[in-house]
Amino acid sequence: MGKPLPKRDGQPEVPVPSFADGGISAEELILSSQSLSEGLLQTTIFIPDMHCGGCIQKVERGLGALDGVEGARVNLSTKRAIVKWKKSDRPLPLLETLRDLGFNASLVAPETGAKNRTMTELVRALAVAGFGASNIMLLSVSIWSGAEPAMRDLFHWISALIALPVLAYSGRVFFRSAWGVLKHGKTNMDVPISIGVLLAFGLSFFDTIKGTEHAYFDAAVMLLFFLLIGRTLDHMMRERARVAVKNLMRLAARSAQVLHDDGSHEYVSVSKIQKNMRIGLAVGERVPVDGIVDEGQSDFDCSLVTGESVPQPKLVGALLQAGTLNLTSPVVIRATATEDQSFLAQMTRLLEAAEMGRSGYRRIADRAASLYAPFVHTAAFLGFLVWLFVTGDFHQSLTIAVAVLIITCPCALGLAVPMVQIVAARRLFEKMILIKDGSVLEKLCDIDSIVFDKTGTLTLGKPELSNKYDVKPLHLSVAAAMAKYSRHPFAQAIVAANDSQGEDAIAFTAFTEIAGFGLEATSGDDIFRLGRTEWALGKEDGLDEIGAGSKTILTKNGVLLDVFRFSEVIRPGVRELIRKLTRSGLEICILSGDDYGAVEKLATELNVSRFEANMHPKDKVDFLNAMTARGRKVLMVGDGLNDVPALATAHVSMVPGNAADIGRDAADIVFLDKSLEAVSHILNISHRANSLIQQNFGFAIVYNVVALPFAFFGIVTPLVAAVAMSASSILVVANALRLGRKAASGHIVSSTSVKNSNALAMKREGVL
């Protein structure tokens with residue numbers, strides 16, 4: 001039996017069977033599922049064997065065809081399937097269906113680190129195959145050079161002794177997969193690979209026993225070596241699975257201090273918090289569930305909600321959402337929601353839903369692979385039958401079938417995509433751009449709209465003193481002497497703007513920071529205040545003459561000394577980039593959680609006509625879903641915690657390197673430079689990479705069309721077929737390396753290699 005499910009209130013622990021148990025009861029399935037509505041349940045199934053777009057389609061079709069299943073969506077990066085089904089008395093055969101499709105599955109998460117073990121297995125298999133191939137090829141060269149029959153036979157036996165453990169160890173990557181689908185009456189690309197390798201070895205071993213002139217151990221091991229190169233490179237790109245959901249949940253408090261009416265308090269699990277419970281929140285703690293401030297006041301980091309890094313003052317009665325961080329003073333809050341109803345839980349559900357939606361994208365290699373295996377099987381089998389019928393020679397017929405399998409082996413096809421993606425990833429890294437998945441390069445070619453977040457994306461996410469030269473130097477020095485004691489962004493901007501060096505302008509004898517208001521300092525009988533206008537003046541009249549906008553004032557004994565105004569620093573290269581993108585025909589939009597005035601000001605300055613302000617995470621997701629419904633392919637460029645669901649929803653997403661950890665995990669692309677020119681670079685290289693991938697596939701198709709007849713009609717031996725196969729793989733690799741030379745020379749791709757309708761305009765504007 002598998003690991004037990006966590007027991008729910010009033011219910012015993014229920015053991016969940018693993019794949020080997022062959023099935024689960026209706027009661028066990030219901031207890032492991034989440035209730036969505038009356039009679040509708042949702043079950044999460046873990047399928048560690050999935051590795052491509054074909055697996056996604058197979059799982060979704062198989063589960064979706066079951067009676068009672070409302071829908072099934074697969075997330076390839078987390079290896080999970082989410083199944084919605086109608087409650088019934090009979091057990092739904094979810095695991096049995098996946099077993100019949102050739103997939104191991106369970107209702108419990110596999111052990112962490114499984115992906116790392118897969119990568120370790122591939123690297124070791126590649127190393128062993130490389131060692132074996134190099135040594136067998138050395139022996140083969142001696143044989144080709146005219147070794148005497150006795151020496152030739154000895155070298156054949158040594159080659160067999162090397163090839164056997166290599167095939168047993170390195171070949172299991174393909175043999176295991178091929179057997180898993182064959183025993184259920186299915187097929188995949190690993191089937192012709194396994195058949196070709198085993199037949200080449202078996203025929204060679206038979207010929208070695210007979211003492212014949214030719215043996216093809218080198219062909220069998222070379223096949224494994226080249227195929228493992230492609231499989232390992234592809235795995236490196238695919239298995240950078242997103243861990244945004246896990247990191248998002250790390251923001252959630254695990255326990256909270258509940259205050260009882262009798263004055264006592266206790267720490268309880270957040271899952272036990274109910275509405276109207278009073279919770280003590282210390283400085284540095286995150287709000288455990290949605291609530292309102294019941295006692296006290298403090299500044300809170302609300303970037304998770306609004307994306308704005310400036311701390312927000314919260315007084316009694318102010319709404320707080322789960323995940324926001326208390327910065328300056330202890331407060332008491334009253335819960336208005338339970339854990340599963342909180343803002344953080346909603347964010348997690350949005351992110352998971354977006355990941356499911358985006359996982360349906362099928363890569364070029366997956367689409368080609370679904371057509372390749374049947375063609376190879378048919379060609380080899382026909383070759384065997386035709387030659388057996390014509391000559392009656394079983395050995396010769398089998399040799400020709402092996403030659404067909406080897407010469408059409410998908411080495412070039414397997415390397416076509418990962419090699420280009422690896423070279424593209426390296427070139428992007430040189431430009432300080434990191435990609436999480438090779439399929440990003442394909443999806444970028446479809447982009448026709450770009451949505452930018454404001455704070456931290458179009459701007460650097462920190463304020464600067466915009467009226468520095470309007471402020472009297474003495475007042476700036478006094479304000480800086482006070483501000484250096486605070487971590488507030490406005491205070492830090494004042495300190496950064498102060499050019500004076502040496503001792504402070506005034507010696508303060510006392511200093512206080514009042515949460516939500518500002519800084520108060522004493523010098524003799526004088527009281528200086530730096531902060532909010534009405535508090536610093538000690539009155540509410542006379543505020544109109546100070547004006548609106550982001551500001552802080554300095555007063556002495558309630559008398560205004562100076563006004564400090566702030567603006568956000570626009571990221572380098574933004575104006576030029578927006579001009580290029582706009583004139584190229586791309587639809588540009590700004591989304592922000594900031595207030596309307598600040599967003600409008602930036603949009604006007606950048607000449608962007610479409611913008612939205614005061615947007616919460618769900619609003620951004622809804623906006624992107626609406627664009628997708630209109631048929632738009634959106635590149636989302638953001639950075640904040642509140643952008644995470646939107647980043648996962650967009651067709652492609654990218655964030656700067658200084659973004660929150662969760663944002664970097666959720667995004668497809670991370671750029672480390674301060675300049676937004678990374679957007680231009682990634683569009684440029686993605687189109688070049690896609691062009692080379694198409695060329696590689698075209699070459700692989702032409703190669704097979706030309707080479708297949710030579711093998712089919714017995715013109716080439718398995719050894720020559722292996723050499724031809726290796727040459728095709730080398731040519732594919734060489735073609736992929738052209739991306740580096742073109743990128744370095746600033747080469748512009750031809751218009752025929754660009755698929756989307758904006759390509760010519762993008763080239764003209766220098767975006768491509």
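Two strands count as paired if DSSP finds at least two bridges between them, and I kept that criterion in mind while going through this predicted model.

**Entry 1, strand S21.** I began with the bridges of S21 and looked up threonine 459, whose bridge partner in S21 is isoleucine 570. Strand S16, which covers residues 459–465, pairs with S21 in the antiparallel sense over four bridges. I then turned to strand S20, residues 551–556, and found that S20 and S21 also pair in the antiparallel sense, here over six bridges. Within that pairing I noted leucine 554, for which the bridge partner in S21 is aspartate 562. S20 and S21 form a hairpin with two residues between them, and in the turn I found asparagine 557 with a positive phi of about 55°.

**Entry 2, aromatic pairs.** I next searched the whole structure for aromatic pairs and obtained ten. One of them joins phenylalanine 490 and phenylalanine 566, which are stacked, with 4.2 Å from centre to centre and 5° between the planes. I checked where the two rings sit: phenylalanine 490 belongs to helix H18 (residues 489–497) and phenylalanine 566 to strand S21 (residues 559–570), 76 residues apart, and the pair thus links distant parts of the chain. Are these two residues buried or exposed? Phenylalanine 490 has a relative accessibility of 15% and therefore counts as buried, and phenylalanine 566, at 8%, counts as buried because the cut-off is under 20%.

**Entry 3, a tilted pair.** I then looked at tyrosine 596 and phenylalanine 611, an aromatic pair that is tilted, with 5.5 Å centre to centre and 50° between the planes. Because tyrosine 596 lies in helix H21 (residues 596–606) and phenylalanine 611 in strand S23 (residues 611–612), this pair ties together parts that are 15 residues apart in sequence. For the accessibility of the partners, I recorded that tyrosine 596, at 45% relative accessibility, counts as partly exposed, whereas phenylalanine 611 is buried, with a relative accessible area of 17%.

**Entry 4, a cluster and a charge over a ring.** Which residues form one aromatic cluster? I listed Trp157, Phe201, Phe205 and Phe217 as its members. Last, I looked up tyrosine 169 and found that arginine 172 lies over the face of its ring, at 4.5 Å from the ring centre.

**Entry 5, back to S21.** Reading my notes together, I see that S21 carries phenylalanine 566 of the stacked pair, while S21 also pairs with S16 and with S20.

Note on methods
Residues are numbered from 1 along each chain as its sequence is written. This is a predicted model: local features need pLDDT of at least 70, side-chain atom pairs count only at pLDDT 80 or more; totals for chains, interfaces and linings use all residues. Side-chain values use heavy atoms; hydrogens and water are left out. Rings of Phe, Tyr and Trp (its six-membered ring) pair if their centres lie within 6.5 Å; planes under 30 degrees apart count as stacked, over 60 as edge-to-face and the rest as tilted. Buried means under 20% relative accessible area, exposed over 50%, partly exposed in between (1.4 Å probe, protein chains only). A charge sits over a ring if NZ of Lys or CZ of Arg is within 6 Å of the ring centre and within 35 degrees of the ring normal.
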